[in-house]
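Me: I have a model open and would like a close look at one part of it before I take in the rest. Could you start there and then work outward in one connected answer?

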Amino acid sequence: MGLSDEGLIARNTINYNKSFSQGVTVSGGGILIAGGVSIDLQTLSGGSGLVRIEQNLIQNNLADSGDGGSTRLERVNGLDVNKQKDNTGKWNKVSIIDNMIVNNVTALAEGGISLQDAALVDILHNTIVRNPLTLLRIN
């Protein structure tokens with residue numbers, strides 16, 4: 001969480017991780033890339049910085065009460081876009097390249113990759129299969 005400019009997650013096996021908290025949404029079973037949280041909810045996030053996720057095996061992870069069983073991106077952008085609306089070259093960017101993203105599960109949304117407030121993301125040359133959403137409905 002927070003600014004991680006020039007961040008790199010590469011050539012790892014990210015396997016059998018779980019994010020869970022009762023009564024609170026906790027996202028990103030395997031990987032969470034998130035800009036800082038604003039205290040007053042009116043201030044924009046400083047974002048995540050430039051981050052690359054490449055050549056990883058991301059499998060069998062669980063976001064038990066949140067989004068993104070494999071990977072969750074949130075608040076990647078904020079102040080960067082607000083200050084440089086017409087210059088995308090100055091925006092925070094996350095690149096997800098050449099990964100195997102398989103058999104990850106979530107209880108809310110996107111078992112594979114979940115994006116929120118992420119304006120500039122490259123998702124290239126990945127294998128993304130069998131990442132189910134399991135939703136328990138109580139009537």
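What is the relative accessibility of L62, and does this residue count as buried or partly exposed?

Reply: Happy to start there: L62 counts as partly exposed, because its relative accessibility is 24%. The class comes from a simple scale: buried means under 20% relative accessible area, exposed means over 50%, and partly exposed lies in between, with a 1.4 Å probe and protein chains only.

Before going further, a word on what you are looking at. This is a predicted model, in which local features need pLDDT of at least 70 and side-chain atom pairs count only at pLDDT 80 or more, while totals for chains, interfaces and linings use all residues. Residues are numbered from 1 along each chain as its sequence is written, and side-chain values use heavy atoms, with hydrogens and water left out.

Back to L62, which lies in strand β7, residues 62-63. Strands and helices here are DSSP runs, numbered from the N terminus: E of at least two residues for strands, H or I of at least four for helices. Setting aside neighbours within four places in sequence, L62 is in contact (heavy atoms within 4.5 Å) with N17, K18, S19, G29, G69 and V105. One of these partners, G29, is 33 residues away along the chain, yet the C-alpha atoms of L62 and G29 are separated by 4.6 Å.

Contacts across the sequence are a feature of the whole chain too. Of the contacts between residues at least 6 apart in sequence, 84% join residues at least 24 apart. The protein chain comes to 1 helix and 14 strands, and 41% of its 139 residues are buried. About 7,900 Å² of the chain is exposed, with carbon and sulfur atoms supplying 50% of that area; the areas come from the Shrake-Rupley method with a 1.4 Å probe, and for residues only the protein chains shown count as cover.

Now the sheets. Strands of a sheet pair through backbone hydrogen bonds, either parallel or antiparallel. Two strands count as paired if DSSP finds at least two bridges between them. One open sheet has 3 strands in the order β4-β8-β12, with parallel pairing. β4 (31-34) and β12 (113-116) each have a single partner strand, so one side of each edge strand is left without a neighbour in the sheet. The twist averages 5 degrees from one strand to the next, with axes fitted as lines to C-alpha atoms and angles running from 0 to 180 degrees between N-to-C directions. β4 and β8 (residues 71-74) are joined by 4 bridges, and I33 has L73 as its bridge partner in β8.

Another open sheet has 4 strands, in the order β2-β6-β10-β14, and its pairing is parallel. β2 (13-15) and β14 (127-129) stand at its edges with a single partner strand each, so each has one side without a neighbour in the sheet. β10 (residues 100-102) runs parallel to β14 over 3 bridges, where V102 is partnered by V129.

Strand β9 (residues 94-97) is covered on both faces: V94 and I96 on one side, and S95 and I97 on the other, are all buried. β5 (residues 51-54) pairs with β9 in the parallel sense over 4 bridges, and I53 has I96 as its partner. β9 is also joined to β13 by 4 bridges, again running parallel, with I97 opposite L124. S95 has a relative accessibility of 5% and touches V51, R52, I53 and D122, not counting residues up to four places away in sequence.

D122 leads on to the salt bridges, each a side-chain nitrogen of Lys or Arg within 4 Å of a carboxyl oxygen of Asp or Glu. The whole structure has 5 of them. D122 and K93 meet at 2.8 Å, N to O, linking strand β13 to the loop between α1 (79-83) and β9, 29 residues apart. D122 is partly exposed at 24%, and K93 is partly exposed at 27%. Salt bridges with shared partners also join D67, R72, E74 and R75 into one network. Within it, D67 meets R72 at 3.5 Å, and R75 meets E74 at 2.9 Å. D67 is buried at 15%, as is R72 at 5%.
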